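Morning, everyone. I have one structure to walk you through today. Let me put it on the screen.

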Amino acid sequence: MIEATGTGVDFIASLAPREDFPILTRAIHGKPLVFLDSAASAQKPVQILDAMDAFARTSYANVHRGVYTLSEEATARMEQARKQVARFINARSAREIIFTRNTSEAINLVAYSWGNANLRAGDVILSTEMEHHSNIVPWQLLAQRVGARVEYIPITDGGELDLDAYTRLLETTKPKLVALAQMSNVLGTLPPVEQIIAQAHEIGALVLLDGAQSVPHLPVDVRALDCDFLAFSGHKMLGPSGIGVLWGRRELLEEMPPFLGGGEMIREVHLTGSTWADLPHKFEAGTPAIIETVGLGAAVEYLSALGMERVHAHERALVAYAMERLSAIPDLTIYGPPAERRGGAVSFTLGEIHPHDLATLLDGDGIAVRAGLHCAQPLHERLGLTATTRASFYVYTTSAEIDALAGALERARAVFAL
Amino acid sequence: MAMDDLYRQYILDHYREPRNHGHLKQPDVAAADINPLCGDRVEIDLKVSDGRVTEVGFTGRGCAISQASASMLTEKIEGATLEELRALTPDDVLEMLGIEIGPARQRCALLALRVLHEGIDGPYTGRLDDDN
């Protein structure tokens, strides 16, 4: 079944124990589930489900309020998760970890709080042509509010940032902020962010990294990167949905006004006015996602135990295998950079088969892939595509699942008589 | 579900060789809409005389389900009265397609009906409930 290939790889086993993921034993339409949509959301290991369940059963109460034992325990668990996340991305302090609902909310927090306070009419925010909508639309809304404008770093036909154009745009537009993804959610592209950040800082621009696809899949060290903001989501890194993170440089966060007002984020409230709580609570109005935060802490521990270097290496091996396997299929076109410059995602088209038809056919074989625009319409327009099909990998993916995908794609060609 | 349950030969046939394909000159009714989820697009033109459809044309792009549905619908409505068009329901269209369509693909299957109703009675007013 598994043939030797040019990558010299016969079989790539799951990095994490498959039995940690109960959902992977499911059958879909009578076939074993082959889950290739982890870039949209990852499956959950029992360790994380159990951590949330045990916490809810034994230690749950609202946080930062009660003086009774349970509330103290719950608060301690939540703040422990904050420390775990801080260590995971090598933040200087857990106070730099702001819990949000997800990446989108984290980026919106920066756009409203930092953006409203610091941008003026005529200022420029520099994004890129290959961003997820959540790293485009908040800047467009900010631009409308303050009269600023959004410019975009163009990409090459190969799906990589045009770095010469970036250098020129820095000079000509003098952006106040550069906002880009550390890994493209469609093409898997890993742009040279260290260089991009250094260049931005030379002209005094801040840099926000969208880490939704990078933090779950490769080692991310905010101090080594020297970025200014990093946003990511718990649900893409084996954790629950409803919990995300904004990391920001402490000096910046201290200066920024609150985003949402309410409980938790105040120091004193008077009818004539209020003062704000210290970091991180200034940005965490209202009761947070307490159980989910504990789940995120458990996710970070699970991934740390696997080792993020090994996670990245596993996905690099899978993506190299997938690109070789899929590119051998007639009529199949893969978009984006070569395997050595991408993370674990491959977007493609198969002849004239519409990606939604293809995804439905693959589902019939138990294979879950994403089809459509992947929340990146400008990127698809730039590449002249109406939609693509995306297969994405994670710690539980094996090369046998990529073989299953390749086989199902051959059957889809037959159904559509390609 | 076997792979070819949804993609029966007649569905693929309508997809590859759509009937009544193209715009009409000076149509009495012209409407277009998209499925924002996937970018499927359908445009329908009608010639209407004495309250009856005398000619139909459609263009579009998208998945096999949306385009086959539009093609089959144009065949179904030739000669029908506007009242008959108004009375068409999502269930009628799903029955016409003759395949089991899961919830995620219903919008594809029903896009052409939506465009048709918008063409007759103006922009979508909620008659086709999204959960139908």
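Start with chain A. The domain assignment splits chain A into domain 1, covering 18-32 + 308-415, and domain 2, covering 49-305. Keep in mind that this is a predicted model. Taken over C-alpha atoms, the centres of domain 1 and domain 2 of chain A are 28 Å apart.

How many residues of each domain are in contact? On domain 1 of chain A there are 24, and they meet 23 residues of domain 2 of chain A. Now look at the domain 1 side of that contact. Helix 10 (308-327), strand 14 (345-350), helix 12 (377-382) and strand 17 (388-392) of chain A each supply at least two residues there. Helix 10 of chain A gives the most, with six residues. By class, this side of domain 1 of chain A has 11 nonpolar, seven polar and six charged residues.

Over to chain B. Here we have an open sheet of three strands, in the order 1-2-3, with antiparallel pairing. Why do strand 1 (29-35) and strand 3 (52-61) of chain B each have one side without a neighbour in the sheet? They stand at the edges, each with a single partner strand, so one side is left free of a neighbour. Neighbouring strands of this sheet are turned by 15 degrees against each other on average, direction ignored.

Next, strand 2 (residues 40-49) of chain B. Nine bridges join strand 2 to strand 3 of chain B, and the two run antiparallel. Within chain B, I44(B) stands opposite F58(B) in strand 3.

Last, the helices. Helix 3 (residues 64-77) of chain B packs on the sheet and touches strand 1, strand 2 and strand 3 of chain B. Helix 6 (residues 106-121) of chain B lies across strand 1 and strand 2 of chain B.

Terms used:
Residues numbered from 1 in each chain as written. Chains lettered and ligands numbered in written order. Predicted model: local features only at pLDDT ≥ 70, side-chain atom pairs only at ≥ 80, totals over all residues. Pairing = 2+ DSSP bridges. Helix = DSSP H or I, 4+ residues; strand = E, 2+ residues; numbered from the N terminus. Axes fitted to C-alpha atoms, helices over the stretch in contact; angles between N-to-C directions. Contact = placed C-beta atoms within 7 Å. Domains from an automatic or database assignment. Nonpolar A, V, L, I, M, F, W, Y, C, P; charged D, E, K, R; others polar.
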